Amino acid sequence: MLQPREEEFNGHLEQAITDAQQLQSTLNQEYEYLKTSDLKAFQELQARKQHDVQTIQLFDALRNKFCTDSGIDREDQNFSQHLTMAQQTMWRQLLDLLAACDKIHRTSDFFMRIKLESINKALDTLELNSPATSTNLYNNLGNAFKSNIGRSLYKA
C-alpha cells in the first residue's frame, strides 16, 4: 500500500502526463499554423501554449516538494529508482512526452527562423533605393549590381 505522499505524487504525475499531452497537442497545432502561415491563429495559440508550459513548471515544483519530503536529492539523475514500478512507467512516459515536445518546439523554431530569414532577404532585395545600395553599382565580386538582383530574388 502506498503512503499518502506517494499517492499524492501519483496524482501529480498523472496530471503532468495529461498536461504534457496537452502541450504536445498545442505545439503540433502551432507548427501547423506556421506551415500554413496562419499568423492570426498562431498568435492566438500563444496564450494557451504559455499556460501549458506553466502547468509543466508547476509539476516541477510539486516534484521538488515530493523530493524534499521524501529525502530525495532533487538533482538525482536516477530519480526514477526512488519510485514504485508503476510510477517509474508514468515517469518514463512523462519524460518521453517532454522530449517529443522539445523536438516539436525546436522544429517550429527552426521553421520560423528560416521563414524570417527568407522574408528579411526579400525585404533587403526590395530596398533598392536605400542609401546603402543606391551607390553600389558593383558587388564585392565586381559584378554589376543589377545582375545580382535577379539572383537574390531567386534565392528568396
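Biologist: At what angle do H1 and H2 pack, and how far apart are their axes?

Modeller: Good place to start! Keep in mind that this is a predicted model. H1 and H2 pack at an angle of about 155°, and their axes lie 9 Å apart.

Biologist: How should I read that angle for H1 and H2: roughly parallel or roughly antiparallel?

Modeller: Angles over 145 degrees count as roughly antiparallel. H1 is therefore roughly antiparallel to H2. The two helices, H1 and H2, also make a left-handed crossing. Sorted by class, their contact holds 16 nonpolar, eight polar and nine charged residues.

Biologist: And what about H1 and H3: how close do their axes come, and at what angle do they cross?

Modeller: Helix H1 covers residues 4-35 and helix H3 covers residues 85-126; their axes come within 9 Å and cross at roughly 20°. Angles under 35 degrees count as roughly parallel, so H1 and H3 are roughly parallel to each other. H1 passes H3 in a left-handed crossing. The contact of H1 with H3 has 19 nonpolar residues, along with nine polar and five charged ones.

Biologist: Let's turn to empty space. Which residues line the second largest pocket?

Modeller: The general idea is friendly enough: rolling a probe the size of a water molecule over the atoms shows where empty space is left. In this model, the lining of the second largest pocket consists of Leu34, Ser37, Leu39, Phe42, Met112, Lys115, Leu116 and Ile119. Helix H2 (39-70) and H3 are the elements that give two or more residues to that lining. H3 supplies the largest share, four residues. About 160 Å³ of space lies in this pocket.

Biologist: How many nonpolar, polar and charged residues are in that lining?

Modeller: The lining of the second largest pocket divides into six nonpolar residues, one polar and one charged.

Biologist: Finally, where is confidence lowest in the chain, and where is it highest?

Modeller: Helix H5 (residues 145-155) has the lowest confidence, with a mean pLDDT of 51, while H1 has the highest, at 93. Over the chain, the average pLDDT is 84, and 80% of the residues score at least 70.

Terms used:
Residues numbered from 1 in each chain as written. Predicted model: local features only at pLDDT ≥ 70, side-chain atom pairs only at ≥ 80, totals over all residues. Heavy atoms only, no water. Axes fitted to C-alpha atoms, helices over the stretch in contact; angles between N-to-C directions. Parallel < 35°, antiparallel > 145°, perpendicular 65-115°, else oblique. Left-handed = near helix turned anticlockwise from the far one by under 90°. Nonpolar A, V, L, I, M, F, W, Y, C, P; charged D, E, K, R; others polar. 1 Å grid on protein atoms, 1.4 Å probe; cavity = no way out; pocket = protein on both sides within 12 Å on 5 of 7 lines; lining within 4 Å. Points joined across faces, edges and corners; volume = space filled by probe spheres on them. pLDDT = per-residue confidence, 0-100.
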